Amino acid sequence: MAVNLKRSSRAGTSPESMQRRRMLGWLTGLGLFGSGILSAISNFVFIKPRATYGQPQRFSIGKPEDFPPGSRATLGVRSLCVVREGNRIAALSTTCTHLGCIVGVSDTGFACPCHGSRFDQDGTVTGGPAPRPLPWYKLTLAPNGELEVDKDTEITPGSYLSL
Amino acid sequence: MSPATEPIPPKSGLLNALKEFPKNVWNSVFRNPIPSNDLEKSATSFTNFFLHIHPVKVHKHSLKPSYTLGLGLISFFLFVILILTGILLMFYYVPSTTQAYDRMLDLRGTVAFGMILRNMHRWSAHGMVAVVFLHLARVFFTGAYKKPREFNWVIGVVLFLLTLFMSFTGYLLPWDQLAFWAITVGTAIAGYAPVVGKDIQFLLMGGTSVGQEALLRFYVLHVAVLPAILSLGIAIHFWRIRKDGGLSRTADADATPALEFTEPASVKSAGPEPRKTYGLQGLVRGPITKAGQVPDNTVFAWPDLLRAELFTFVITLSAILVLSLLFNAPLEEPVNILHPPNPAKAPWYFLGLQEMVSYSAFWGGIGIPTIFVILLFITPYIDRAQTGVGKWFAKERLLANTIFLTFVLANLVFVIIGTFFRGPNWAFVMPW
């Protein structure tokens, strides 16, 4: 930028120099404001983690024999309930769809201790504030004979894996 | 020391400097001698950093305990107690999921005064939530948010929300069952906010569930970010009280006709007009030379206001000390991410919210609270009538007070239901 220092540094009061001064004022203000906005945004970028340290979303839960027919086993650490009926098996989430509490297995299905949501055996809402049924997760039989859950993929409730 | 006497030339020499050393140090620190009359006290108030927060004189109405109930001061003193006890607790606390709970046990068992400090911190925190809200209610019921105090009311509402957020971030830190599940639920409520909800939830937790990242984040918010913002907010809040002309009062509190001074015409015409001098304030706001022009309903801040403040501080500190000696701050079982306690209850001041979210997560946790907060913010810009200021439950303010009271009572009902009428699985039970 070729700025004639000699001319612009003198305090001229001609309309032309006033206009230039006003514009320089505007540009300075705009620059400061923009920098402020940019640093605010970069702060948000900074505090939003790129990597999280949680559990993996895909994991093995053991062989089908570990879940005898007719059983409803809760895997606490994974917030899962593995249901086996005969030769059909499925994995339901035990995280309440209302506000994230862990639902307990009750006689009629599942019940949440925090705000009283109730679900039936298939995870369908039967009462309380829960907005959605409990998700069913994709369950596959890996080549090594172990069951593998993918918590990133929800499937239609009621679709079992046939063994 | 009349100005007529010859100025004494300062004595030089090291010996003399040493002789006068204590006196010179003292005089350099304290600009004024220990004051013995009102004028000297005023001069000291004016030049002393810690005293200049006070005006030299305050209106008598501002010192009426029945008007303010001292609630603002009590809130501030509780905040001071929280800062001091909080800093001490930081010497022993570690924001780690594997250590935090053990540190709580250490505070109870081995750290000298650890128990009483934790108790004081906990009860002051509960007290501050309650007293800040009561202060807000006092200001509402006396119409004190009206012009020119509209923006100080807005700052006050922000301070109230910050207080709630302080308490919310604080109770994850013990890493016990209440902590874990309250924050799980609380951050999930934030997730219901439209558009940005999920992002806010993720930013707060630093991940997809409450764990080490969330604990560290809440710790930083609780001990650094929020106290800094809150302190700045309190400073502005106090500053504006002065700039808005002190505490609110009725219009007739300023004028007592019997004292009005009327100049006889003969005197008026006798001499030249008094020359007016303007201070900086006068130039900005117009002349403030009011001596002799308005009846004086003020008293000196020193000693009257200082005495009232000292009294409030002693009462507040004593109450917290007695509570902390009598009752221990609860600590539940260490975090068990498999089993929420049944029923899982938030602290009393969030139980109204928890009761409401048990009907609808969005409306109970986001919708209704947001409407209430927006109403609080815009109240002084909607309710423009200048009547009924400075009086508790003024008849002219019946409508506004009724609306406010309805919200407060509704929340109170929800708090009571949540506290006493909710059993396992949040089922309705009778408390007896």
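1. In this predicted model, a convenient place to begin is A:Cys114, which, leaving aside residues up to four places away in sequence, touches A:Cys96, A:Leu99 and A:Cys101 on its own chain as well as B:Trp181, B:Val185, B:Pro340, B:Ala344 and B:Trp426 on chain B. A reader new to the structure may find it helpful to locate A:Cys114 and then to follow these neighbours outward into the two chains.

2. The largest nonpolar core holds 61 residues, and those touching the most other members are A:Leu99, A:Cys101, A:Cys114, B:Leu173 and B:Ala179. Helix H9 of chain B provides the largest share of this core, namely 9 residues. A second core, separate from that one, has 24 residues, and B:Phe77, B:Ile81, B:Leu136 and B:Leu159 are included in it. As general background, nonpolar side chains in soluble globular proteins tend to be buried together.

3. Turning to the interface, 28 residues of chain B are in contact with 20 residues of chain A. On the chain B side, helix H9 (177-190) and helix H11 (212-243) each supply at least two of the residues that touch chain A, and H9(B) gives the most, with 5 residues. By residue class, this side of chain B divides into 15 nonpolar, 12 polar and 1 charged.

4. As for the make-up of chain B as a whole, the chain has 17 helices and 2 strands, and 30% of its 432 residues count as buried. Among the contacts in chain B with a separation of 6 or more, 74% are between residues 24 or more positions apart.

5. How do H8(B) and H16(B) lie relative to each other? Helix H8 (residues 150-170) of chain B packs with helix H16 (residues 361-382) of chain B at an angle of about 165°, and their axes are 8 Å apart; an angle over 145 degrees counts as roughly antiparallel, and the two helices are therefore roughly antiparallel to each other. The crossing of H8(B) and H16(B) is right-handed. From H8(B), the residues B:Glu150, B:Trp153, B:Val154, B:Val157 and B:Leu161 take part, and they meet B:Val373, B:Leu376, B:Phe377, B:Pro380 and B:Tyr381 of H16(B). The residues of this contact between H8(B) and H16(B) comprise 9 nonpolar, no polar and 1 charged.

6. H16(B) also packs with helix H15 (residues 348-357) of chain B, here at an angle of about 130° and with axes 6 Å apart, which makes H15(B) oblique to H16(B). B:Leu353, B:Met356 and B:Val357 in H15(B) meet a set of H16(B) residues made up of B:Ala361, B:Gly364, B:Gly365, B:Ile368 and B:Pro369. Sorted by class, the residues of the contact of H15(B) with H16(B) are 6 nonpolar, 2 polar and no charged.

7. Within H8 of chain B, the residue B:Phe168 may also be worth a look. Why does B:Phe168 count as buried? The reason is that B:Phe168 has 22 C-beta neighbours inside 10 Å, where 20 or more are needed for a residue to be called buried. The C-alpha atom of B:Phe168 is separated by 8.8 Å from that of B:Phe218, although the two residues are 50 residues apart along the chain.

8. Two cis peptide bonds deserve a reviewer's attention when the backbone is inspected. One joins B:Lys147 and B:Pro148, with omega about 5°, and B:Pro148 lies in the loop between helix H7 (114-141) and H8 of chain B. Another joins B:Trp302 and B:Pro303, with omega about 20°, and in this case B:Pro303 is placed in helix H14 (residues 301-326) of chain B.

9. Two residues other than glycine have a positive phi. B:Leu69, with phi of about 55°, lies in the loop between helix H4 (65-68) and helix H5 (71-90) of chain B, and with 16 other C-beta atoms within 10 Å this residue is partly exposed. B:Phe393, whose phi is near 50°, is found in the loop between H16 and helix H17 (398-420) of chain B. Is B:Phe393 buried or exposed? With 12 other C-beta atoms within 10 Å, B:Phe393 is exposed.

How values were computed
Residues numbered from 1 in each chain as written. Chains lettered and ligands numbered in written order. Predicted model: local features only at pLDDT ≥ 70, side-chain atom pairs only at ≥ 80, totals over all residues. Contact = placed C-beta atoms within 7 Å. Helix = DSSP H or I, 4+ residues; strand = E, 2+ residues; numbered from the N terminus. Nonpolar A, V, L, I, M, F, W, Y, C, P; charged D, E, K, R; others polar. Axes fitted to C-alpha atoms, helices over the stretch in contact; angles between N-to-C directions. Parallel < 35°, antiparallel > 145°, perpendicular 65-115°, else oblique. Left-handed = near helix turned anticlockwise from the far one by under 90°. Core = buried A, V, L, I, M, F, W, Y, C linked by C-beta atoms within 7 Å.
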